[in-house]
Amino acid sequence: MPRPVLDLVTARRWAMTARLLLGAAREQIDALNVFPVADGDTGTNMYLTIDGALDYVRGQFEMGAGTDRLKDGMTLISRGMLLAARGNSGIILSQLTRGLAEAVDPDVAHAGPADVAAAFEAAARTAWDALASPVEGTILSVARAAAQGARAAVERGRPVGGAGPLEVADVVTEALTAARAALARTPEQLPVLAASGVVDAGGAGLVLTIEALESVLRERTPGSNQELPEWWGDRPGDGGFASRGPEGGQECATAGDHHGTDPDGAVEVMYLLTGSDPERAARLRTNLAQVGSSVVVAGGPEEFRVHVHLDDPAIAVEAGSLAGSVTEVVLTSLRDGHAHPDELPDESPAGLAVIACALGEGVCELFTGSGAIVVSGGPRRRASAGQLLAAVLASRASRVVVLPNDADTAMVALAAADEARTLGVEVDVVPTRSLVEGIAAVAVLDPEGEPDFVVEGMREAAAAVRTGALTRAERSAQTPVGPCAQGQWLGILGTERIVAVDDEVLPVARALVDLLWGPDIEVVTVLLGEAADDGVEAAVTRALRDRTAAQEERGDQVEVVTLRGDQPTYPVLLGVE
């Protein structure tokens, strides 16, 4: 018999099973990327989103923040998925859980069919609304079809081909059936998918996630009957947080008693932070110093011991989750008066800060030299919403501008901005789709200027740049200008339109420059990546010289600025203004 309800245990098993299935399929989903460039990481992003969510939940449960209510449990998982979300596909995945958390009544022990249909609809609606130019034949189409399938089941009021009462499993089955059909149609909607003989990667990951939920509800999935991990506290009545002091068993504050009157903090929190790096650890220390005292973040380069005194331990554990994986949480009451706090840093909030995603030593230096705070993020290593949120909070600024510098980080940046606004920080996302757009934006940055004027100037500067790239094909594929073979040079207009293919870089560079050129060109920025050798630089210089010479003969001067960015994936990025 299928499970008639979606309760908290089932929801937990779904999260674990989805991680299992996405982990097994992440490379296959990545390989569905039709763009023959080494930046396709949809499967990896979706896996890291749910994997990070479970790490977040583990940290909360180690602190003792257990719950027996479905809504609270789904809210906890949803929060973790949002903070861990990477790439647009990761954000859409997190919305499915958020939709369910918001649809469920706080007092019910399980979700009903209508709740599940509402969750699918909320996920689809949020995904479509988040993109300025949504495209059919992507994960968006699959999400909408799943919602329509779920709603059709609820409106019918009975299973397909059956007369019995409608169960949650029936709703999910119809959502899955509709999602699979929509996924199969994606090549009909996007010619580039048809040319490569594949379906949409994000849609495939979403279908797999829905399959995980349906399999758990039908009790027939690999691993669905496995024991929940010990840290997940699958026992009734284990809510609140338990004591785990250095002596073991020392009574600490209870779930409803976190807000003490001790100005130095009522609770000492210690934990192990793994999977981090010095950059994120430094931001964690800054964040904790704003909410607590006696802050220590020591160790490295990937493992850190964290210590802080504050009233609400959940704040410290969540801050750690933005920087890595939290384990070995120890909570000790400080109401005996023996706390020895350090002084908080005497820092006034900054006026305007800029957070920029970037990879490559040279690029990072360019951004930091312009006054921006860099978060490591780019192709194959995209930043999560939690990492961007941590950087925003660590900036101590009352207003922050985020530059994603990557089309697949746009929704992540918007999600981080939304979270920061709930904490009182005004955040603007300038939707830069490439590093050269981001460089143009920070070039006009005036931290002392009037914020609205500065932000608008950055938007205009980024929008005025026409971009292109030179790189090598990672694999054979069909392109709009014919087939390409692994290792051939590709000219890319914007971020995804392949306009030239050749064995040699010079003809590709010339074709790309010709398409980028126009009578109004004043500045050309050349950003050289880690794979750009002297031959590549010479070819780009020659292609540009042919164009600038002709324009200068007419009396129009063009400034060519060549910078060493050391960015991966793209040996050359071009921007014309």
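Helices α12 (residues 361-369) and α15 (residues 435-443) have axes that come within 10 Å and cross at roughly 20 degrees. That angle is under 35 degrees, so α12 counts as roughly parallel to α15. This is a predicted model. The protein chain has 18 helices and 18 strands. Of its 577 residues, 57% are buried.

**α12 against α15**

- The crossing of these two helices, α12 and α15, is left-handed.
- On the α12 side, the contact uses V363, L366 and F367.
- On the α15 side, the partners are L435, G438, I439 and V442.
- Sorted by class, the contact of α12 with α15 holds six nonpolar residues, one polar residue and no charged residues.
- Glycine counts as polar, so G438 of α15 is the polar residue in this contact.

**α15 against α16**

- α15 also packs on helix α16 (residues 451-463), at an angle of about 145 degrees.
- The axes of α15 and α16 lie 8 Å apart.
- Here the crossing is right-handed.
- E437, A440, A441 and V442 of α15 make the contact with M458, A461 and A462 of α16.
- By class, that contact has six nonpolar residues, no polar residues and one charged residue.
- Glutamate counts as charged, so E437 of α15 is the charged residue in the contact with α16.
- V442 appears in the contact of α15 with α12 and again in the contact of α15 with α16.

**T432, ahead of α15**

- T432 sits in the loop between β10 (426-429) and α15.
- T432 has a relative accessible area of 1%, so it is buried.
- Beyond its neighbours within four places in sequence, T432 touches L403, P404, N405 and D406.
- T432 also contacts E437, G438 and A462.
- Those last partners tie back to the helix pairs: G438 is part of the α12 and α15 contact, while E437 and A462 are part of the α15 and α16 contact.

**Helix α4 and its partner α14**

- Helix α4 (residues 87-103) has 17 residues.
- From first C-alpha to last, α4 reaches 25 Å, close to the 24 Å expected at 1.5 Å a residue.
- In α4, 14 of the 17 residues are buried, so the helix is largely enclosed by the rest of the structure.
- α4 packs against helix α14 (residues 410-422) at about 50 degrees, with axes 6 Å apart.
- That makes α4 oblique to α14.
- G87, N88, I91 and I92 in α4 meet A410, M411, V412 and A415 in α14.
- The contact of α4 with α14 divides into six nonpolar, two polar and no charged residues.
- Glycine and asparagine both count as polar, so G87 and N88 of α4 are the two polar residues there.

**Helix α10 and its surroundings**

- Helix α10 (residues 278-291) has 14 residues, which should span 20 Å at 1.5 Å a residue.
- The end C-alpha atoms of α10 are 20 Å apart, which agrees.
- The buried residues of α10 are R280, A281, R283, L284, N287, L288 and A289.
- These buried residues pack against strands β3 (267-274), β4, β5 (303-310) and β8, and against helices α11 (313-321) and α13.

**Positive phi outside glycine**

- Most residues other than glycine have a negative phi.
- S294 has a positive phi of about 50 degrees, although it is not a glycine.
- S294 lies in strand β4 (residues 293-299).
- S294 has a relative accessible area of 4%, so it is buried.
- R380 also has a positive phi, near 70 degrees.
- R380 is in the loop between β8 (373-376) and α13 (385-394).
- At 41% relative accessibility, R380 counts as partly exposed.

**G482 and long-range contacts**

- G482 is in strand β13 (residues 482-484).
- Residues under 20% relative accessible area count as buried, so G482, at 19%, falls in that class.
- G482 and V499 are 17 residues apart in sequence and 9.4 Å apart in space, C-alpha to C-alpha.
- Across the protein chain, among contacts between residues at least 6 apart in sequence, 74% join residues at least 24 apart.

Note on methods: Residues numbered from 1 in each chain as written. Predicted model: local features only at pLDDT ≥ 70, side-chain atom pairs only at ≥ 80, totals over all residues. Heavy atoms only, no water. Axes fitted to C-alpha atoms, helices over the stretch in contact; angles between N-to-C directions. Helix = DSSP H or I, 4+ residues; strand = E, 2+ residues; numbered from the N terminus. Parallel < 35°, antiparallel > 145°, perpendicular 65-115°, else oblique. Left-handed = near helix turned anticlockwise from the far one by under 90°. Contact = heavy atoms within 4.5 Å. Expected span 1.5 Å × (residues − 1). Buried < 20%, exposed > 50% of the residue type's maximum accessible area, 1.4 Å probe, protein only.
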